[in-house]
Amino acid sequence: MAYVIGQSVANGRRAGIVSASGVALGSCTHAIASTLGLTALITASPVMFTAIKYIGASYLMFLGGKMMLGTFISKKDRGDAAPQNTRKVSAYRLLSRGFITTLTNPKVLLFFISFFPQFVTPEGEQHAASFLLLGLTYAFIAFLTDVTFAILAGSTAGAVAGNRKLQNLLDRIVGATFIALGVRLALTRR
């Protein structure tokens, strides 16, 4: 959610909605992997779990560092002829960032492994289908929630776009938040 809100404030509603779509695709991938039993294998393997945890943490810290460093570029480096809001991020980049952020988040992985099975009857005939339906329903509800936050946060993007100082401050705050989340994720125990 922090990723979606950050993208919405920095780049507008559309960016937040595309980012929310990437997060939802990551959740759908987790749902499919859980249905196939892949997440159970990853959770059972300390090496794989640790690798995914550190990849996810590194990625969040990379995104945060990139946002923070981008705010320290001087006007001279940017060029005076550049328009105030030149930071258009492609839809593909937003989608893939949301996807990778969710896919490499071991907390989401553990959520699918530890929480979801409680709602699927092991003796049921349609065990895999039930698990998949539950996972996709979760992804859909989370998508709607993220889109709502994207729209609300994106409403402030217009005010931010015209104020370079405020934009830099928000980039630093969101970047620092991503770095803090990455550090927290790296320090998370199983």
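Here are three short exercises, with worked solutions, on helix packing and nonpolar cores in this predicted model.

**Exercise 1. Describe how helix α2 packs against helix α6.**

Solution. Two packed helices are described by the angle between their axes and the distance between the axes.

- Step 1: Start with the geometry. The axes of α2 (residues 13-36) and α6 (residues 91-103) come within 7 Å, and they cross at roughly 40°.
- Step 2: Classify the angle. Roughly parallel would need an angle under 35 degrees, and roughly perpendicular one of 65 to 115; α2 and α6 are therefore oblique to each other.
- Step 3: Add the handedness. The crossing of α2 past α6 is right-handed.
- Step 4: Look at who makes the contact. On the α2 side the residues include Val-18, Gly-22, Leu-25 and Gly-26, and on the α6 side they include Leu-94, Leu-95, Gly-98 and Phe-99. By class, this contact has nine nonpolar, nine polar and one charged residues.

**Exercise 2. Do the same for helices α4 and α10, and then place Val-174 in the picture.**

Solution.

- Step 1: Helix α4 (residues 46-70) and helix α10 (residues 164-187) have axes that come within 7 Å and cross at roughly 165°.
- Step 2: Angles over 145 degrees count as roughly antiparallel, so α4 is roughly antiparallel to α10.
- Step 3: α4 passes α10 in a left-handed crossing.
- Step 4: Among the residues that meet are Leu-60, Leu-63, Gly-64 and Met-67 in α4, and Val-174, Gly-175, Phe-178 and Gly-182 in α10. The contact of α4 with α10 divides into 15 nonpolar, five polar and three charged residues.
- Step 5: Now zoom in on Val-174, which sits in helix α10. Its relative accessibility is 15%, so Val-174 counts as buried. Not counting residues up to four places away in sequence, Val-174 touches Gly-6 and Met-67. Its C-alpha atom is 8.2 Å from that of Tyr-3, although the two residues are 171 apart along the chain.

**Exercise 3. Which residues of the largest nonpolar core touch the most other members, and which helices supply this core?**

Solution.

- Step 1: The core has 14 residues, and Tyr-3, Val-4, Leu-63, Leu-94 and Phe-178 touch the most other members.
- Step 2: At least two residues each come from α1 (2-11), α2, α4, α8 (127-154) and α10. Helix α2 gives the most, with four residues.
- Step 3: Follow Tyr-3 outward. Leaving aside neighbours within four places in sequence, Tyr-3 is in contact with Ser-19, Val-23, Leu-63, Leu-94, Arg-97, Gly-98 and Phe-178.
- Step 4: Finish with the other core, which lies apart from this one and has six residues, including Ala-31, Val-108, Phe-116 and Phe-131.

How values were computed
Residues are numbered from 1 along each chain as its sequence is written. This is a predicted model: local features need pLDDT of at least 70, side-chain atom pairs count only at pLDDT 80 or more; totals for chains, interfaces and linings use all residues. Side-chain values use heavy atoms; hydrogens and water are left out. Axes are lines fitted to C-alpha atoms, for helices over the stretch in contact, and angles run from 0 to 180 degrees between N-to-C directions. A crossing is left-handed if the near helix is turned anticlockwise from the far one by less than a right angle, and right-handed if clockwise. Contact means heavy atoms within 4.5 Å. Ala, Val, Leu, Ile, Met, Phe, Trp, Tyr, Cys and Pro count as nonpolar, Asp, Glu, Lys and Arg as charged, and the others, Gly among them, as polar. A nonpolar core is a set of buried Ala, Val, Leu, Ile, Met, Phe, Trp, Tyr and Cys residues joined through side-chain atoms within 4.5 Å. Buried means under 20% relative accessible area, exposed over 50%, partly exposed in between (1.4 Å probe, protein chains only).
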